[in-house]
Amino acid sequence: MAMIVSSTCFSLLSYKKPNRIRAVASEESAGAVALKTDKEDKVKLGGSELKVTRLGIGAWSWGDNSYWNDFQWDDKKLKDAEAAFDASMDRGVTFFDTAEVYGSPLALGAITSETLLGRFIKEREKDNPGEEVAVATKFAALPWRFGRQSVLSALKDSLNRLGLSSVDLYQLHWPGIWGNEGYIDGLGDAVEQGLVKAVGVSNYNERRLRDAYERLKKRGIPLASNQVNYSLIYRAPEQNGVKAACDELGITLIAYSPIAQGALTGKYTPENPPSGPRGRIYTPEFLTKLQPLLNRIKEIGGNYGKTQTQVVLNWLIAQENVVPIPGAKSAAQVEEFAGALGWRLSGKEVEELRSLASEISPVIGFPVEKL
């Protein structure tokens with residue numbers, strides 16, 4: 001996911017070896033409860049052996065009070081976030097994506113998303129021992145971080161906050177101003193040291209993606225994923241070669257902001273735009289242009305008994321080799337997201353929606369995409 005980063009210095013915690021908690025995805029637990037997703041709803045991430053659900057949950061908003069949550073984190077939002085985690089686990093959506101900067105002092109946050117996710121896992125384990133969860137987190141390529149050791153040090157700090165001995169997927173959050181080869185080497189070292197099961201990148205353009213893939217390939221390590229902004233109304237990965245390169249190289253595309261930060265859900269209108277920073281992106285003028293597309297999404301959803309949110313998530317899943325990770329702040333949102341699984345739009349509907357969306361100019365991207 002993208003983020004808002006301040007110039008506040010990021011304070012790193014010292015690493016302490018935590019108690020061992022399993023944090024892996026497995027096919028065996030997928031069908032244990034009737035509400036859970038079926039085995040076929042798990043996919044391998046790229047060429048790695050890691051399997052995750054076809055839909056994940058983004059934890060960008062957890063602990064954040066600079067971009068999300070109307071600049072305020074409180075006990076109610078904390079309880080809602082934990083309810084979202086539990087609802088996701090109950091529905092068999094067991095893949096969670098966080099990052100060291102989410103909710104951190106660097107982003108003027110209240111509490112790190114990693115810390116919260118770790119707490120939720122530990123609390124749930126009391127009543128569900130052995131239940132497995134796939135955790136992905138990310139390394140921040142800050143200008144003062146150099147070389148492979150910086151990746152390992154940051155990873156160990158993340159593990160400390162999460163309370164885990166390893167994570168399933170470790171990603172470079174964005175390309176660095178310098179030292180990218182060292183960062184890639186650090187990912188490889190993390191795999192070889194058993195600290196992670198798979199590695200990926202985020203916000204990498206096609207050239208950088210291919211370079212990272214080749215560098216890891218020399219060590220026999222697959223590049224599992226590239227996490228980028230991708231939705232029905234932001235299809236830059238289709239246009240800049242990233243999606244094609246992912247498909248060619250066997251790298252899974254993880255789609256952040258898959259519902260365009262709520263703009264595609266039908267919740268917002270020109271008279272009721274999003275609050276906070278999102279209101280400066282998804283303006284009344286933009287939302288007016290979006291209405292014909294939203295109306296058609298609603299019509300198509302009605303044919304399946306699905307909401308607009310479920311249709312746009314299903315549209316992404318229909319692109320193949322894509323795992324959307326919508327952000328969830330409540331159990332109700334998770335329940336809705338889970339309804340995007342277990343059915344498929346027709347090919348004709350997929351192309352119709354792409355055609356309609358092509359008439360709308362995208363309004364948000366990540367600054368490094370064109371580097």
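1. The core element to look at is an open sheet of eight strands. Its order is E3-E4-E5-E6-E7-E8-E9-E10, and the pairing is parallel. Strand E3 (57-58) and strand E10 (322-324) form the edges, each pairing on one side only. Note that this is a predicted model.

2. Within the sheet, take strand E5 (residues 134-139) and strand E6 (residues 167-172). They pair in the parallel sense over four bridges. For the register, use Thr137, which stands opposite Tyr170 in E6.

3. Helix H5 (residues 206-217) packs on the sheet. It touches strand E7 (196-202) and strand E8 (223-229). The direction of H5 makes about 160 degrees with that of E8. An angle over 145 degrees counts as roughly antiparallel, so H5 runs roughly antiparallel to E8.

4. Next, the pair of helix H1 (residues 75-90) and helix H11 (residues 331-338). Their axes come within 7 Å and cross at roughly 30 degrees. The cut-off for roughly parallel is under 35 degrees, and H1 and H11 are therefore roughly parallel to each other. The crossing of H1 past H11 is right-handed.

5. Which residues make the contact between H1 and H11? H1 supplies Asp80, Ala83, Ala84, Ala87 and Ser88. H11 supplies Ala331, Val334 and Glu335. By class, this contact of H1 with H11 has five nonpolar, one polar and two charged residues.

6. Helix H9 (residues 284-304) and helix H10 (residues 308-317) are arranged as follows. Their axes come within 8 Å and cross at roughly 90 degrees. The range for roughly perpendicular is 65 to 115 degrees, so H9 is roughly perpendicular to H10.

7. The H9 side of that contact consists of Leu294, Ile297, Lys298 and Gly301. The H10 side consists of Gln308, Val311 and Val312. By class, the contact of H9 with H10 has four nonpolar, two polar and one charged residues. Gly counts as polar here.

8. One residue deserves its own point: Ser158, in helix H3 (residues 147-162). Is Ser158 buried or exposed? Its relative accessibility is 0%, so Ser158 counts as buried; the limit is under 20%.

9. What does Ser158 touch, leaving aside its neighbours within four places in sequence? The contacts are Glu100, Glu114 and Thr137. Thr137 links back to point 2, as the residue opposite Tyr170 in E6.

Notes: Residues are numbered from 1 along each chain as its sequence is written. This is a predicted model: local features need pLDDT of at least 70, side-chain atom pairs count only at pLDDT 80 or more; totals for chains, interfaces and linings use all residues. Side-chain values use heavy atoms; hydrogens and water are left out. Two strands pair if DSSP finds at least two bridges between them. Helices (H or I, at least four residues) and strands (E, at least two) are DSSP runs, numbered from the N terminus. Contact means heavy atoms within 4.5 Å. Axes are lines fitted to C-alpha atoms, for helices over the stretch in contact, and angles run from 0 to 180 degrees between N-to-C directions. A crossing is left-handed if the near helix is turned anticlockwise from the far one by less than a right angle, and right-handed if clockwise. Buried means under 20% relative accessible area, exposed over 50%, partly exposed in between (1.4 Å probe, protein chains only).
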